[in-house]
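Visitor: I would like a close look at one part of this protein, the empty space inside it and what stands around that space. Please start there and work outwards.

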Amino acid sequence: MMSIRDRLADAGSGSGRFLRGATATVSLADLLCGTTLGGRLDQLSGRSVLVATRDQFAAALALIELDGVARRLIVCTPDLPSEHVPAIIAKAGVDTIVSDHDREESSPGIPLRVVCKLPTAPAKGRSSERCATEWVLLTSGTTGAPKLVSHSIASLTAPLATSPCQGSDVVWGTFYDIRRYGGLQIFFRAVLGRGSFVLSGPDEPLGNYLMRLGAHGATHVSGTPSHWRRTLMSPAARAIAPRYVRLSGEIADQAILNALHTFYPQARIGHAFASTEAGVGFEVNDGLEGFPASVVGAPGDVVNKVEHGSLRIRSARNADRYLGGDENATLADDQGFVDTGDMVERRGDRYYFLGRRTGVINVGGLKVYPEEVEAAINRHPAVRMSMVRARRNPITGALVVADVVLEGEPDPSRARSGILQMCHESLAAHKIPAMIRFVPSLEIAAAGKLARRA
């Protein structure tokens, strides 16, 4: 298996291609003949390396150098609580930490520590020992310790084989962090797809990042629907004029697809279904929410099926296993399908996402998926975004309540009346919010999704 650097060298670096962080830029040509790891690749060869940087830009540079050299790469998310670090080190057999700072913090006793530093220095030579690197990603669960999910570079880059060829003028940006599956996919699309990439900095305000994307000519931009809703509320939204807008990570309802089409009429709008365990299942580019029923059961490299209402996926893009025996569970069933836990419903010739199986609200014994109610609320023209949650009730067990962000300053009473009318027109009675609260903003978790359990 060719490493990232092998594939870059084989394709030719291309003049003008770059990776840009908030405070530094590296040309891919310089990276092919240079190093940010102090020329210590021979020491890193065959090791289990935890990449734990504060800046995702430093992580990107380290991952390019370490693929094909390290035996295992554990990609640490920036918000990982320190109390979980020792368990991850133990489960993954970490013997090396690569970071962009010198402090030991909560991981004493690691025999080798390497600091990723800029600018790049001339590389004296590449590591003579080569190996197929195992990539370990952390899940973005809402509670408890993350699970460790094992991938290969083949499974991570398999979606690129079916992606349209892009020119060297393509500049990618993403609101994701590349240390999560969704962001890592964009990283590969940019670096291995002959394009360039503009990354956000640690704690960089959204408006600043949008301005930098515009200044560097971003043509393709990716994020969750929540990322995009926040973008459309930002005064800096007009700083970018993308040719392609991509959504993933949450349900893309018709309201956000229509809003993006109106705001960026020059852009193709697409949404993809993917998860850390299942990989990229499919992409939808027809401008409509949900996905065609023909996707289910169709032969090909990716096979999708629906069982007990849950979407299941089998492909070479699936992860290999959970590392360290997390939950004592196998990742796939006996037929090789990964249960995504995302519930869908067929209506005519199309499937629609209802929500997560684990997020259902029980109202008097009847199921309510918060995302389904949010999709109904978001259709109101005065609504920018919404979050539906449960409120305890002694009679029904729970009631449906909604927090709603409005655009501008409409009359709250009129907006509430209109929202409830739209809900009555499309939802069963037990799904209609018992209370609507207007709020100035909604919290977005580090993974780019609504912080439902904050």
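Which helix and which strand each supply at least two residues of the lining of the largest cavity?

Guide: They are helix H7 (181-191) and strand S15 (268-275). The model is predicted, so local features need pLDDT of at least 70, side-chain atom pairs count only at pLDDT 80 or more, and totals for chains, interfaces and linings use all residues. Residues are numbered from 1 along each chain as its sequence is written, and side-chain values use heavy atoms, with hydrogens and water left out. Helices (H or I, at least four residues) and strands (E, at least two) are DSSP runs, numbered from the N terminus.

A cavity here is a set of points, on a 1 Å grid over the protein atoms alone, where a 1.4 Å probe fits but cannot get out; lining residues have an atom within 4 Å of a point. Grid points are joined across faces, edges and corners, and a volume is the space filled by probe spheres set on the points. By this rule there are two cavities of 30 Å³ or more, and the largest holds about 70 Å³ of space.

H7 gives the most to the lining of the largest cavity, with five residues. The complete lining is Tyr176, Tyr181, Gly182, Gln185, Ile186, Arg189, Ser222, Arg246, Ser248, Ala272, Ala274 and Val280. By class, six of these are nonpolar, four polar and two charged. Nonpolar covers Ala, Val, Leu, Ile, Met, Phe, Trp, Tyr, Cys and Pro; Asp, Glu, Lys and Arg are charged, and the others, Gly among them, are polar.

S15 belongs to an open sheet of eight strands in the order S2-S1-S12-S11-S13-S14-S15-S16, with mixed pairing. Two strands pair if DSSP finds at least two bridges between them. The edge strands are S2 (25-27) and S16 (279-284), and each pairs on one side only. From one strand to the next the twist averages 20°; axes are lines fitted to C-alpha atoms, for helices over the stretch in contact, and angles run from 0 to 180 degrees between N-to-C directions. Within this sheet, S13 (residues 220-223) and S14 (residues 244-247) run parallel and are joined by four bridges. One bridge pairs His220 with Tyr244 in S14.

In the loop between H7 and strand S12 (196-198) sits Arg194. Its phi is near 70°, a positive value in a residue other than glycine. Arg194 counts as partly exposed because its relative accessibility is 44%; buried means under 20% relative accessible area, exposed over 50%, and partly exposed in between (1.4 Å probe, protein chains only).

The lining residue Val280 leads outwards to Val302, which touches it. Contact means heavy atoms within 4.5 Å. Not counting residues up to four places away in sequence, Val302 also touches Gly281, Ile313, Arg314, Ser315 and Arg317. Val302 lies in strand S18 (residues 302-307) and counts as buried, because its relative accessibility is 16%. Val302 and Arg314 are twelve residues apart in sequence and 6.0 Å apart in space, C-alpha to C-alpha.

S18 runs antiparallel to S19, with six bridges between them. In general, strands of a sheet pair through backbone hydrogen bonds, either parallel or antiparallel. Asn304 stands opposite Ile313 in S19. S19 (residues 310-315) is mostly covered, with five of its six residues buried. On to S21 (residues 338-347), three bridges join S19 in antiparallel fashion, and Ile313 stands opposite Val338 there.

The hairpin of S18 and S19 has two residues between the strands, and His308 takes a positive phi near 55°. His308 counts as exposed, because its relative accessibility is 71%.

How values were computed
1 Å grid on protein atoms, 1.4 Å probe; cavity = no way out; pocket = protein on both sides within 12 Å on 5 of 7 lines; lining within 4 Å.
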